[in-house]
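Hi everyone, thanks for coming along. Please bring up the model on your screens, and we'll walk through it together.

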Amino acid sequence: MRNRFDGAAVEAEARRWLGTPYRHQASLLDVGCDCLGLLRGVWRGLLGDEPEAPPPYAGTWAESAASGTDPFLEAASRHLLPVAADLARHAPAPGEVLLFAFRAHLPARHCAIATGAGMIHAHDHAAVTEVAFTPWWRRHLVGVFRFPAQ
């Protein structure tokens with residue numbers, strides 16, 4: 001293992017997943033994954049065994065989270081390294097993990113991995129793809145993290 005964060009390695013591992021079909025709760029390269037499954041697969045590709053297994057979750061799990069909790073953000077904080085950033089101005093660096101909330105009053109429910117050109121993510125009814133990090137995504141950004149040293 002290396003002793004520093006390597007954003008290029010994270011981005012390269014995420015690129016291996018491009019084209020993987022969307023499958024809720026899955027995390028199998030070329031077979032299927034959701035956004036969390038993509039993150040889990042990249043973790044395994046870089047660091048080995050996952051630090052914890054996610055509990056079963058519904059597509060609307062964020063909306064049903066207990067008041068005052070943010071399960072996705074809390075899990076990211078347990079296993080990833082937070083990037084101190086002014087989210088309104090942050091220019092994501094390759095390999096950073098981006099967390100999004102679709103409503104200001106709701107917990108995070110989506111994640112992506114930043115690339116030099118945008119971000120790689122999995123979303124329903126599509127394959128893992130790379131998209132631009134547009135102002136819409138920036139408005140919904142609630143957290144930025146890095147993988148631990150590799």
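Let's start with one residue: E11 lies in helix α1. When I say helix or strand, I mean a DSSP run, numbered from the N terminus, with at least four residues (H or I) for a helix and at least two (E) for a strand. Before we go on, some ground rules: this is a predicted model, so local features need pLDDT of at least 70 and side-chain atom pairs count only at pLDDT 80 or more, while totals for chains, interfaces and linings use all residues. Residues are numbered from 1 along each chain as its sequence is written, and side-chain values use heavy atoms, with hydrogens and water left out.

Back to our glutamate. Is E11 buried or exposed? E11 is buried, because its relative accessible area is 14%, and buried means under 20%, exposed means over 50%, and partly exposed is in between, using a 1.4 Å probe and protein chains only. What does the side chain of E11 touch? Its polar contact is with the side chain of R15, at 2.9 Å. A polar contact is a pair of N or O atoms within 3.5 Å; within protein, one must be able to donate a hydrogen and the other to accept it, and residues adjacent in sequence count only if both atoms are side-chain atoms. If we leave aside neighbours within four places in sequence, E11 is in contact with P94, G95, A114, T115, G116 and I120, where contact means heavy atoms within 4.5 Å.

Now the whole helix. Helix α1 covers residues 7-16, and its buried residues are G7, A9, V10, E11, E13 and A14. Those buried residues pack against α2, β5 (110-114) and β6 (119-121). At the N-terminal end of α1, D6 acts as a cap, with a side-chain oxygen 3.2 Å from the backbone nitrogen of A8.

On to charges. How many salt bridges does the structure hold? There are eight, and each is a side-chain nitrogen of Lys or Arg within 4 Å of a carboxyl oxygen of Asp or Glu. One of them joins E13 and R16, with the closest N and O atoms 2.6 Å apart. These two residues are three apart in helix α1, so about one helical turn separates them. Here is the background: an α-helix has 3.6 residues a turn, so residues three or four places apart point the same way. E13 counts as buried because its relative accessibility is 10%, while R16, at 46%, counts as partly exposed.

Another salt bridge joins E130 and R15, again with closest N and O atoms 2.6 Å apart. This pair links distant parts of the chain: E130 is in strand β7 (residues 129-131), R15 is in helix α1, and they are 115 residues apart. E130 is partly exposed at 25% relative accessibility, and R15 is partly exposed with a relative accessible area of 32%.

A further salt bridge is formed by R78 and E52, with the closest N and O atoms 3.0 Å apart. R78 lies in helix α3 (residues 71-79) and E52 in the loop between α2 and α3, so the pair ties together parts that are 26 residues apart in sequence. E52 is partly exposed, at 33% relative accessibility. And our first residue returns here: salt bridges that share partners join E11, R15 and E130 into one network.

Next, the sheet. In what order do its strands come? It is an open sheet of six strands, ordered β3-β8-β4-β5-β6-β7, with antiparallel pairing; two strands pair if DSSP finds at least two bridges between them. β3 and β7 stand at the edges with a single partner strand each, so one side of each is left without a neighbour in the sheet. Strand β3 (residues 81-82) pairs with β8 over two bridges: L81 stands opposite R146, and P82 has F145 as its bridge partner. Four bridges join strand β4 (residues 97-100) to β8, with L99 opposite G143.

Last, the aromatics. A search of the whole structure finds five aromatic pairs. W43 and F147 form a tilted one, 6.0 Å centre to centre with 45° between the planes. Rings of Phe, Tyr and Trp (its six-membered ring) pair if their centres lie within 6.5 Å; planes under 30 degrees apart count as stacked, over 60 as edge-to-face and the rest as tilted. Both W43 and F147 are buried. Elsewhere, F100, F102, W136 and W137 form one aromatic cluster. Thanks for listening!
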